[in-house]
Amino acid sequence: MLSCPECWEEIEIPPTKADGYPTDFYLKSLVEKLKIKESLHMEQICKCFNCPENPPAVVYCLACNDFLCKKCCDSHKKKKALKDHQLQFLSHNYPVSKDFTVDQLASMMDAPRCHAHPDNTVKLYCCTCKNIPVCHECISRDHKGHRLSEVSTLANLLREKLTKKLQILEKVDNAMYLIPCQNSEGQAPLNAAYKDRIMTVKERIKDVREGLELVKAEKENVREKILSSIEEEMEEEIKQVKEKYKKIVHDLECKTKEDFYSRQDALEKEMATLLEELNGLEKNETEFILLKEAKKDGYVGTQTTTLEGVDSKRIDNLKVVASGLLVSKNNWAAVECIPAINAAVDNLIYDINKIQGTKYDNASNVYARSIFGKDDTPKISEDAEKVVTIEGNQVGGRITGIASSGDGNIVVTGRYPTGNESYIFVIDENGKKIKGNNLVSSTNRPWRYCDYLTQFKVASVCERTEVGIYDVRDGSYTGKNITDVISSWPEGREVRCVATDNVNNHILVGGYDSRDVYVFDDQLNYRGYSLTLPKEIRWPRDMAIRGSYLLVCDRDGKKSFLTTMGVSTIKVLHELRKPDSYDWRPVSVCIDKSGFIYILWQAINRPLTTKRCVVVQYSQNGRQVLTTRPVDGDAQCIATLDKDEGVKLLVQTWETGRLYIYGLL
C-alpha cells in the first residue's frame, strides 16, 4: 500500500507500477498548459502548413491536430466530410500574447485512449467496471450488457456528489477548530445554546412522529373510502362496465399510494436527520463538559488549534484539488479523478470524526473517575443472576433467535427437531411461556431468527425465503415469501440473519454464502435496493445496527467487523478483536442502550464435551475489549433486556433450552 502525500488516500500499488496510479488532474493540467504555452512561442507551430506562404494561423482543428489560416479555415468549414471537426479559434493577434485558461487547454486535449485498444478513442465509460473508459470495440465484446454512461452525464453526477462532500467537509472542518478553542468563560452560553437546540429538536421529533401517525391513519381512511365508493358504483353498474371500474380502482390506489408514501418518506428522512442531529448535540454537550473538567485538571491543553493526525495542509490540499476539478470543463478528467477525490474526502471526514469521537475516549476512565468518582462503563456480572429452562422446549426444539419486547418480556424463535415446523414464543424472566405460535414452513430446515423492531413488534426470518413481523401483544404473525416480493432473488439462496434499523423502521435480511443484504420496510415491502458488504466479509451470520454503522458476525470467516452503512458504498472501519489465542468464530451480536457492543464467540475444533463459549464486551466504537465472560458452552444467541432496575444481558442455549440472565453493573 502507498499513502498519497497530498490527500492521505491509501491505494494499492498497481502491477503496472507508475502507469497504474490515479492521475492528479490539477497538477497535470498545469504541466500541459505550460507545455502548450511554450510551444506557441515557436514560430513554425503558429504558421499554417497547408499554404505555401505559411501565413499566421487563426484556428486549431482538434480533429486534424493542426493550425489553419483564415483561408484554410473557410475551406475547412465548407467541406461536408469535415463539417463535424471542432475548431478552436485563436487570437487575431499573435497567439503567444494571450494567456490560455485551463478550460481552453482542456478543449485542445484529446479524449483518453481505450485501455484495451490504445489506437481507439474512448467514447463511453463503463459504470459496471468502476468507470473504465471504453471504445466501440469494447462495448460490443468485453463490456456487452454492462451499464454504460456518457462522459458528460457521469462527470456531472460526480461533480454534484463531490460538491456535497465538500460541504460536509467544510462543516466538519469548522467543527474541528471550534471544540478546542472554547474557553471556560464561553462554554456556559454555548452549552445553553446546545440545550436549547436539543429541546427544539426533541419537540420537532415529537411533532414528526405525530405527523407520521396521522399520515398513516389518513392513508388507510382515504383508501377505505375510495374502495367503498368504487364498490358501491360497481354494484349499481351493469356487468359490461365492471372492467372499467377495476381500472379506476387500480389507478386511484396507485395515485393515493404514491402520494402518501412520498409524504411518509419525507417525514421519515426528516426524522432520521433530526435524530442524528440530536445524537450529535448530546454527544458534543457531553464532550464539552469532559473537556472543561479535563482542562481544570491539566489533561488537555487550552490553546490547541489542530487535532492530532489531521493538519490544515491536508484539508487545504483536498480543497484546492477538488475546486480545480469542479471549475474545469474537462469531463474526462472529472470522471477519472473525482472518485479518488471523493474517497479521500470520505477518509478525511472519517479521520476528523474519529479523532473528535475518540480524543476523550482514550482517557475515558480518567475523566470518569475525576468527574464522577468511578468508572461509568457497565461490566458484565461475574455470575448469572438467574438461570431458567424455557417452558415448551422440552420436546427438543433448537433455539436459534432471541429478542426483547417492549413490555419487558422475551421472544425466542427456533425449530422442532423433526418435520417442517418452526415456532415463536413469548416468555417471562422465569422461562414461563405466555403465548406462542407454531408456523409451518415449506422447507425441512425451518431455522428461524428474530430481532426487536418497534415497541411491540419483532422482525423474523425463516429459511429459506420467509420474512415476517410478530406482534407480541396479540400473538399475530404476518409473513411473506421473499421470492414473491423480490423478482431478482437468486434461486437457492437462504436467509440466515435479520437486523433492524429502529430509526427508519427498516428490516435488513442477510443470506447464506452471500454478501448481499436486502432492505424491507415495516410493511414488508422491498425498498428497492440491497447493500453489498465489503470483500473482507464472506457472509453475515448475525448483524446489529448502531446509528449509521453496521456490526457483522462473519461465522465462516471467523471475524467480526464494524462497517459503514451507506447505500452506494459500504466500507470496513475495523475488525473487532478476538478473545484470546483459541480458534474462535462469532455467532451472535447485540448492543445495549448506551452503545456498548457484545459478541458471543464459540471455540471450534474442540470435543463436544468441552465446548467453550465467551461473551466479549467492547467499547462503543468497538476498538477496545472491556470485559470477557465465559458462558455455557451450548450458548447460541444473545440479546439485551431493559428493566426498571437496569439493563440485563440474555444468553440463550441451543439444545438445552436454558436462559442465562446477567446483570450489567
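Me: A disulfide is a pair of cysteine sulfur atoms within 2.5 Å. How many disulfides does the count come to here?
Reply: The structure is a predicted model, and the count comes to 0 disulfides.

Me: Which cysteine sulfur is closest to that of C48, and why is there no bond?
Reply: The closest cysteine sulfur belongs to C72, at 3.6 Å from the sulfur of C48. The cut-off is 2.5 Å, so the separation of 3.6 Å is too far for a bond.

Me: Is C48 buried or exposed?
Reply: C48 is buried, and its relative accessible area is 0%.

Me: And C497, how far away is its nearest cysteine sulfur?
Reply: The nearest cysteine sulfur to C497 is that of C553, 9.2 Å away, and C497 takes part in no disulfide. C497 is buried as well, with a relative accessible area of 1%.

Me: Let us step back. How many helices and strands does the chain have?
Reply: There are 11 helices and 32 strands in the chain. The chain has 665 residues, of which 44% are buried.

Me: What about the surface: how much does the chain expose?
Reply: The exposed area is about 35600 Å², and carbon and sulfur atoms supply 49% of that area.

Me: How many of the contacts join residues at least 24 apart?
Reply: If one takes the contacts between residues at least 6 apart in sequence, 52% of them join residues at least 24 apart.

Me: On to the inside. Which residues of the largest nonpolar core touch the most other members?
Reply: That core has 25 residues, and L162, V335, I341 and V345 are the ones that touch the most other members. Two or more residues come from each of α5 (151-178), α8 (312-327) and α9 (331-358).

Me: Which element gives the most to this core?
Reply: Helix α9 does, with 10 residues.

Me: What does L162 touch?
Reply: Leaving aside residues up to four places away in sequence, L162 touches A322, L326, I338, I341, N342 and V345. As a general point, nonpolar side chains tend to be buried together in soluble globular proteins.

Me: Now the rings. How many aromatic pairs does a search of the whole structure find?
Reply: The search finds 7 aromatic pairs. One of them joins Y423 and F425, whose rings are stacked, with 4.6 Å centre to centre and 20 degrees between the planes. Both Y423 and F425 are buried.

Me: Why is the pair of Y512 and W539 edge-to-face?
Reply: Planes over 60 degrees apart count as edge-to-face. The planes of Y512 and W539 stand at 70 degrees, with ring centres 4.9 Å apart, so the pair falls in that class.

Me: Where do Y512 and W539 lie?
Reply: Y512 is in the loop between β19 (506-511) and β20 (516-521), while W539 is in the loop between β21 (526-532) and β22 (542-546). The pair therefore ties together parts that are 27 residues apart in sequence. Y512 is partly exposed, at 36% relative accessible area, whereas W539 is buried, at 2%.

Me: Which residues form one aromatic cluster?
Reply: W489, Y518, F520 and Y526 form one.

Me: What sits over the ring of W447?
Reply: The charged end of R415 does, 4.0 Å from the ring centre. R398 lies over the face of W654, where the distance to the ring centre is 5.5 Å.

Me: Last one: where is the place of K71?
Reply: K71 is in helix α2, which covers residues 70-78. K71 is exposed, with a relative accessible area of 66%.

Conventions:
Residues numbered from 1 in each chain as written. Predicted model: local features only at pLDDT ≥ 70, side-chain atom pairs only at ≥ 80, totals over all residues. Heavy atoms only, no water. Phe/Tyr/Trp six-rings, centres within 6.5 Å; stacked < 30°, edge-to-face > 60°. Buried < 20%, exposed > 50% of the residue type's maximum accessible area, 1.4 Å probe, protein only. Helix = DSSP H or I, 4+ residues; strand = E, 2+ residues; numbered from the N terminus. Lys NZ or Arg CZ within 6 Å of the ring centre and 35° of its normal. Contact = heavy atoms within 4.5 Å. Areas by Shrake-Rupley, 256 points an atom, 1.4 Å probe, with all protein chains shown as cover. Core = buried A, V, L, I, M, F, W, Y, C linked by side-chain atoms within 4.5 Å.
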